[in-house]
Amino acid sequence: MKVLVLNSGSSSIKFKLLQMPLEKVICYGMVERIGDEDALMCYKKDTINIQKTISIKKHSDGLNLIARYLVHPEKGAIKNPQEIYAVGHRVVHGGDSFAETTLITDAVKKQIKNYSVLALLHNPPNLEGIEISEKLFPKAKQVAIFDTAFHQTMPIKARKYAIPNKFYTEDDIQVYGFHGTSHKYVSEKAIEYLGMDTSKIISIHLGNGCSITALVNGQSVDHSLGFAPSNGLIMGSRSGDIDHAIIFHMVHSLGYSLEEVKEVLNKESGMLGLTGFNDLRDIQSKAEKGNKDCQLALDMNAYRIKKYIGAYTAAMNGLDALIFTAGIGENSCLIRRLACLDMDYLGIELDLVKNEKKSSLLREINTDCSKVKILVIPTNEELEIAKQVYKLLS
Ligand code: ADP
């Protein structure tokens, strides 16, 4: 079964074609900066590696270009679009309607559209990707994999905000949780690796967006992103936890409009707001050269992670393993070291040498006597999506 995985974001479309259940990647790539004259197209298959700058005005142009590459006579991966049995679409917000991977129907699309009010940046381009894909691959089954679905197991005490009940019962304001595909993938890998029948795990996804999930026996019981993907850890350009009084102060006393505050908190805050840089590699190298803002931002970042580890260990009454994943979690030994520093009280002891070793495989970086295992597990959201599509359709 050939499964095409599509992640259609606000200005980019990532794709990967996999042969399932072999989990073999046939080709992959992305278009970035959709809307720009100099959008970037990248396509990889075996030894073919194409990168080119091209004008891509809208999502349909981007997906058409991807489809053309897929069936290209020399560089392509398939002879015609009918070879694709299913397309798996990442959909960020499925509200509380979708606890499972779902075959897309008109009713499902309507629901995804309805949830756009809760994820303005994400659901509209996700839906657009679905609608274009239906036209480009009319014979393929279209499947939605929701980021929020994995967190439907969270108990109500973790889901509900302490605001009047009406907002929960009538207006659906609650913790939905995100990055579900990634947390599911790495936690299953961890459970398989640990070989435990019962487990208490904290999964820490640190990319441009960052989140942390508490899992009991593989099920999400608490999570740091909430109603929208803005709460919790310090992210690339998002503040994470903030006192809501600051928003009112910005509007009423400092004269910002609500739109401006939203822009500040989502696009100008986090590591970018603290340092002027978004990419953690830049921040680490500036800190090494003595930049004090960068050093403080790294300390703040790790301190926030630490606090969540403490909170979730208490919530679960124990901890068997910590998982670090995604761009920063997999690659930044500095953030891992700072986050695990002085955590021996909780039984978390990092092996500094193992932590420094580079590898793209699952690895254990705790000391031999650490009560808690510390694992670095490369995430693979596309594979997880393809696995779920295969499971649903087979
Ligand atoms: P997303 O999928 O959310 O866009 P990624 O998971 O690709 O993000 O992570 C992006 C982040 O990972 C960036 O902040 C980048 O600086 C960081 N990153 C990638 N490689 C390294 C590295 N070798 N060392 C430190 N940080 C890294």
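**Close-up views of the predicted model**

**View 1. Helix 7 meets helix 8.** I247, M250 and V251 of helix 7 meet L258, V261, V264 and L265 of helix 8. The model shown here and in the views below is predicted. Helix 7 spans residues 245–252, and helix 8 spans residues 258–267. Their axes come within 9 Å. The crossing angle is roughly 130°. An angle over 115 but not over 145 degrees counts as oblique, so helix 7 and helix 8 are oblique to each other. The crossing is right-handed.

**View 2. Helix 1 packs on helix 3.** Helix 1 covers residues 59–70 and helix 3 covers residues 123–136. The two axes lie 10 Å apart, at an angle of about 45°. Helix 1 and helix 3 are therefore oblique to each other. Helix 1 passes helix 3 in a right-handed crossing. On the helix 1 side, the contact is made by H59, S60, L63, N64 and A67. On the helix 3 side, P125, E128, G129, I132, S133 and L136 take part.

**View 3. The largest nonpolar core holds 43 residues.** Which of its members touch the most other members? They are I202, I204, L206, I309, L322 and I348. Several elements each supply at least two residues of this core. The strands are strand 9 (200–206), strand 10 (210–216), strand 12 (321–325) and strand 14 (373–376). The helices are helix 10 (280–288), helix 11 (292–316) and helix 13 (333–340). Helix 11 gives the largest share, 9 residues. Where does this core lie relative to domain 1 and domain 2? Both domain 1 (2–151) and domain 2 (195–376) give residues to this core, so it lies between them. A second, separate core has 28 residues, including L6, C27, I66 and A77. As a general rule, nonpolar side chains in soluble globular proteins tend to be buried together.

**View 4. I204 and its contacts.** I204 is one of the residues that touch the most other members of the largest core. What does I204 contact, leaving aside its neighbours within four places in sequence? The list starts with S211, I212 and L233. I305 and I309 follow. L322, I323, F324 and T325 complete the set.

**View 5. Two domains and their contact.** The domain assignment gives domain 1 (2–151) and domain 2 (195–376). Their centres, taken over C-alpha atoms, are separated by 28 Å. The contact takes 6 residues from domain 1. Domain 2 contributes 8 residues to this contact.

**View 6. Q284 in helix 10.** Is Q284 buried or exposed? Its relative accessible area is 18%. Buried means under 20%, so Q284 counts as buried. Leaving aside neighbours within four places in sequence, Q284 contacts L298, S332 and L334.

**View 7. The loop between strand 2 and strand 3.** Strand 2 (13–19) and strand 3 (24–32) flank the loop that holds E23. P21 is found in this loop too. A cis peptide bond joins M20 and P21. Its omega is about 5°. E23 is partly exposed, with a relative accessible area of 39%. How many residues along the chain lie E23 and K387 apart? They are 364 residues apart, yet their C-alpha atoms are separated by 7.9 Å. Not counting residues up to four places away in sequence, E23 touches L18, L383 and K387.

**View 8. D46 in a loop between two strands.** D46 sits between strand 4 (39–45) and strand 5 (48–54). Its phi is near 45°. That is a positive value in a residue other than glycine. Is D46 buried or exposed? At 67% relative accessibility, D46 counts as exposed, because exposed means over 50%.

**View 9. D172 in a loop between two helices.** D172 is found between helix 5 (166–169) and helix 6 (180–194). Its phi is near 60°. This value too is positive, in a residue other than glycine. D172 is partly exposed, with a relative accessible area of 29%.

Definitions and conventions:
Residues are numbered from 1 along each chain as its sequence is written. This is a predicted model: local features need pLDDT of at least 70, side-chain atom pairs count only at pLDDT 80 or more; totals for chains, interfaces and linings use all residues. Side-chain values use heavy atoms; hydrogens and water are left out. A nonpolar core is a set of buried Ala, Val, Leu, Ile, Met, Phe, Trp, Tyr and Cys residues joined through side-chain atoms within 4.5 Å. Buried means under 20% relative accessible area, exposed over 50%, partly exposed in between (1.4 Å probe, protein chains only). Helices (H or I, at least four residues) and strands (E, at least two) are DSSP runs, numbered from the N terminus. Domain bounds come from an automatic or database domain assignment. Contact means heavy atoms within 4.5 Å. Axes are lines fitted to C-alpha atoms, for helices over the stretch in contact, and angles run from 0 to 180 degrees between N-to-C directions. Angles under 35 degrees count as roughly parallel, over 145 as roughly antiparallel, 65 to 115 as roughly perpendicular and the rest as oblique. A crossing is left-handed if the near helix is turned anticlockwise from the far one by less than a right angle, and right-handed if clockwise.
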